[in-house]
Amino acid sequence: MSEKIAVIGAGSWGTALAGVLADNNHDVRLWTRREEQATEINQNRTNHKYLPGFELPAAIQASADLEYCTSDADYILLVVPTKAVREMVQQIRTFVHKNTVLIHASKGIEPGTSKRISEMMEEELLETKAKATVVLSGPSHAEEVCERQPTTVTVSSHIMEAAEDVQELFMNNQFRVYTNQDLIGVEIGGALKNIIALGIGMTDGLGYGDNAKAALMTRGLAEIARLGVKFGANPLTFTGLSGLGDLIVTCISQHSRNWRAGYKLGSGNDLQTVLEEMGMVVEGVRTTKAVYELANDLDVEMPITTALYDVLFENKKPEVAVQQLMGRVRKHEVENMSLLLGTDFQ
Ligand SMILES: NC(=O)C1=CN([C@@H]2O[C@H](COP(=O)(O)OP(=O)(O)OC[C@H]3O[C@@H](n4cnc5c(N)ncnc54)[C@H](OP(=O)(O)O)[C@@H]3O)[C@@H](O)[C@H]2O)C=CC1
Ligand SMILES: O=C(CO)COP(=O)(O)O
């Protein structure tokens, strides 16, 4: 069945997901805040800034008119950087009604409030009630989705029926969608893997090898799970697509902006210059700040996040941060995880 779907955000991920939905014969309206980008997409079938070299499906209708895109949409998919989520929900909430399913595909935690994306969305909806909020997350770089390479993701919601509807919306032979009941775990895994990818980029920039990469990924996943479980997440979610899966792809892929930014930092560039050069969102930077604050408030041990925070915001040299991580007091590897598994999780 063809559904009407508004995609809010014509960056790389919003455009790629609009392409999946267009391939599935839905009525797709892609909102951009730039009129000239809407014209480019509609006339040339390209998005040269974010997805150079790709031809977009003819069925995507781009527009800078938010009302045209959202007013009678069955689904509204929000795909903007975390820092823009609140202002976008404020703009779309007059077009949300009790049958609208809100989906988001962003990955981040808000500094200052420590909120997940779905929490920010629900706050900004005020008294407006949508049918459900659903998150879509997992190992999925936009470029490979546009190439229609095999990709798997997870959708999660407190309302399982809505998650299943969203699964149906996106599923096709190249894009396989799983459901997961653990909304908290799915959002935390997707946001926090960016911190570890920045760290791995940094060690690559410093010239360290695969041992360092494997160490950071493994111990990084342990600290992501440690924080997630504190919020009631199911530890097994972190072994799934939105946890380990996304951690792997973001740490090893040539497409990862977080890895690339980390690499430039490890090669000696300063943060300001790196972010200006990227021209695309590097979510891990703000998420490192948010999670560092959260870990301190909750007294959760997150040594890799702390090391990254010191490099990004306290001018610590990356090589010094690595030495300090390696010189920490000795630990038992699985002790914490077995404690986690004894915790009451959903
Ligand atoms: N790219 C990917 O492969 C994946 C990305 N994600 C996540 O998706 C989210 C979006 O990232 P992505 O598409 O990659 O980002 P990009 O950097 O590719 O594009 C950012 C988009 O957001 C728009 N934007 C920026 N600030 C605002 C604002 N204040 N109000 C409205 N729109 C704004 C930009 O518009 P303009 O061009 O006008 O500046 C642009 O369309 C992130 O959370 C990311 O982690 C998740 C999975 C995969
Ligand atoms: O989340 C992503 C892949 O699943 C995108 O990661 P980057 O933002 O690092 O490119």
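## Exercises on a ligand shell and its surroundings

In this predicted model, helix H1 is the element that contributes the most to the shell around ligand 1, giving three residues.

**Exercise 1.** Describe the shell around ligand 1, and work out where the ligand lies with respect to domain 1 and domain 2.

*Solution.* Begin with the count: ligand 1 is surrounded by 26 residues, and the closest of them are Gly11, Trp13, Ala84, Ser106 and Met280. Next, look at the elements that give two or more residues to this shell, which are H1 and helix H4 (85-92). Then sort the shell by residue type, which yields 12 nonpolar, nine polar and five charged residues. Finally, consider the domains: residues of the shell come from both domain 1 (4-181) and domain 2 (184-341), and therefore ligand 1 lies between them.

**Exercise 2.** Find which positions UniProt lists under "binding site", and decide whether they gather at one spot or are spread out.

*Solution.* The unreviewed UniProt entry lists Ser12, Trp13, Arg33, Arg34, Tyr50, Lys107, Ala142, Arg257, Val281 and Glu283 for "binding site". These positions span 272 residues in sequence, and the two C-alpha atoms that are farthest apart are separated by 22.8 Å, so the positions do not all gather at one spot.

**Exercise 3.** Take Ser12 and Lys107 from that list, and determine for each of them whether the residue is buried or exposed.

*Solution.* Start with Ser12, which is placed in helix H1 (residues 12-23). A residue is buried if 20 or more other C-beta atoms lie within 10 Å of its own, and Ser12, with 23 other C-beta atoms within 10 Å, is therefore buried. When neighbours within four places in sequence are set aside, Ser12 is in contact with Tyr50, Leu51, Ala142 and Met280.

Turn now to Lys107, which sits in the loop between strand E5 (101-104) and helix H5 (117-124). Because Lys107 has 27 C-beta neighbours inside 10 Å, this residue also counts as buried. Again leaving out neighbours within four places in sequence, the contacts of Lys107 are Ser137, Gly190, Ala191, Asn194 and Glu283.

**Exercise 4.** Identify the buried residues of helix H14 (residues 303-313), and state which helices they pack against.

*Solution.* The buried residues in H14 are Ile304, Thr305, Ala307, Leu308, Tyr309, Val311 and Leu312. They pack against helix H8 (183-206), helix H9 (210-230), helix H11 (257-266), helix H12 (271-278), helix H13 (283-298) and helix H15 (318-326). As a last step, follow the chain past the helix, where H14 is followed by Asn315, a residue whose phi is positive, near 60 degrees.

Definitions and conventions
Residues numbered from 1 in each chain as written. Chains lettered and ligands numbered in written order. Predicted model: local features only at pLDDT ≥ 70, side-chain atom pairs only at ≥ 80, totals over all residues. UniProt positions renumbered as here; feature names shortened; annotations may be inferred. Helix = DSSP H or I, 4+ residues; strand = E, 2+ residues; numbered from the N terminus. Buried ≥ 20, exposed ≤ 12 C-beta atoms within 10 Å, placed from the backbone. Contact = placed C-beta atoms within 7 Å. Near = placed C-beta within 6 Å. Nonpolar A, V, L, I, M, F, W, Y, C, P; charged D, E, K, R; others polar. Domains from an automatic or database assignment.
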